[in-house]
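Open the model in your viewer and get ready to select a few stretches one after another. We will begin with the whole chain and then step from helix to helix.

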Amino acid sequence: MSTIPKQIVYTQFLQRENYTRHHRYDEEMLQYEYIKNGDARGNEAAEKMFASEATGKLSDDPLRNIKYLFVCSMTLVTRFVIEGGMEAETAYNASDLYIQNADKCKTIDEVQTLHKNMIAFFINHMNKMSKENVFSKPIITCHDYIYEHLHSTITIDELANHVGLNSSYLSTLFKKEVGISASEYIRRKRIEAGENMLKYSNFSLSEISEYLAFSSYSHFAGIFRKYTHFSPKEYRKKFYRTTNIVTK
């Protein structure tokens, strides 16, 4: 017996009968890569994708459907621009505001226009960032590696091996281009991730500490307070957002 729910099987049957489909994964991800890189091609790609009949049906009500699609798009845009280097707090705040504005829209055209403006805002912001922060390929590769491995211990030797450079040379290059040491950068990114998990997830304090590869909760709490002036418990109590839909 198939483990796929009958409703999904029936939907797939209707799509085959009507020659319809969702966007392929690579089609959808390309627009977000453009946005992440501040590439103006993302404007046209996102607008075309958002207006396509292959975006999917989330509601029988056309206006509610496009609002739901807007939220889906906004969620992915937020994740990609943070990955591209945009400050997480800036990205989440912008996401909140755009979703609130989408909720107020009265027509499909208003939602489509808002989506177009939202994409343009993030592309322009990421483009400006790329001009202000020009890093060499090894440093960009280090940033990506660190982002993807915040859940494990990261050493300068590991980074050097990953980019094919001598550890001493990479340390010097990192400090020169980024302005802080690699170890300090890793700590800041872990605390940044911890802030977001405290605000936007339901993970316990100990689970967050363990996920971010701190040796103990007390170690996490001490470092967290050093950077934010709050304990993790105080921070969650002050900033936790139960209604925010952008998840980790």
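With the whole protein selected, colour by burial: of its 248 residues, 38% are buried. Keep in mind as you look around that this is a predicted model. Switch on the surface next; about 15100 Å² is exposed, and carbon and sulfur atoms supply 53% of that area.

Now change to a cartoon view. You will find 13 helices and zero strands, so to speak an α-α-α-α-α-α-α-α-α-α-α-α-α pattern when read along the sequence. If you draw the contacts with a separation of 6 or more, 64% of them join residues 24 or more positions apart.

**Stop one: helix 3**

Select residues 41-51, which form helix 3. Which residues of this helix are buried? They are Gly-42, Ala-46, Met-49 and Phe-50. Look down the axis: these buried residues cover an arc of only 95° around it, and therefore sit on the same side of helix 3. Then rotate to the face turned away from the buried side, where the exposed residues Arg-41, Glu-44, Lys-48 and Ala-51 are found.

**Stop two: helix 10 against helix 12**

Select residues 182-200 for helix 10 and residues 217-228 for helix 12. Two packed helices are described by the angle between their axes and the distance between those axes. Here the angle is about 95° and the axes are 10 Å apart. Because angles of 65 to 115 degrees count as roughly perpendicular, that is how helix 10 and helix 12 are arranged.

Show side chains at the contact. Helix 10 brings Glu-184, Arg-187, Arg-188, Ile-191, Gly-194, Glu-195 and Leu-198, while helix 12 brings Phe-220, Ile-223, Phe-224, Tyr-227 and Thr-228. Coloured by type, the residues of this contact divide into six nonpolar, two polar and four charged.

**Stop three: helix 12 against helix 13**

Keep helix 12 on screen and add residues 232-239, which are helix 13. How do the axes of helix 12 and helix 13 cross? They do so at roughly 60°, and they come within 9 Å. The two helices are therefore oblique to each other.

For the details, pick Tyr-217, Phe-220, Ala-221, Phe-224 and Arg-225 in helix 12; they meet Pro-232, Lys-233, Glu-234 and Tyr-235 in helix 13. The residues of this contact divide into six nonpolar, no polar and three charged.

Before you close the viewer, highlight Phe-220 and Phe-224: both take part in the contact of helix 12 with helix 10, and both also meet helix 13.

Notes. Residues numbered from 1 in each chain as written. Predicted model: local features only at pLDDT ≥ 70, side-chain atom pairs only at ≥ 80, totals over all residues. Heavy atoms only, no water. Axes fitted to C-alpha atoms, helices over the stretch in contact; angles between N-to-C directions. Helix = DSSP H or I, 4+ residues; strand = E, 2+ residues; numbered from the N terminus. Parallel < 35°, antiparallel > 145°, perpendicular 65-115°, else oblique. Contact = heavy atoms within 4.5 Å. Nonpolar A, V, L, I, M, F, W, Y, C, P; charged D, E, K, R; others polar. Buried < 20%, exposed > 50% of the residue type's maximum accessible area, 1.4 Å probe, protein only. Areas by Shrake-Rupley, 256 points an atom, 1.4 Å probe, with all protein chains shown as cover. Arc of directions from axis to C-beta.
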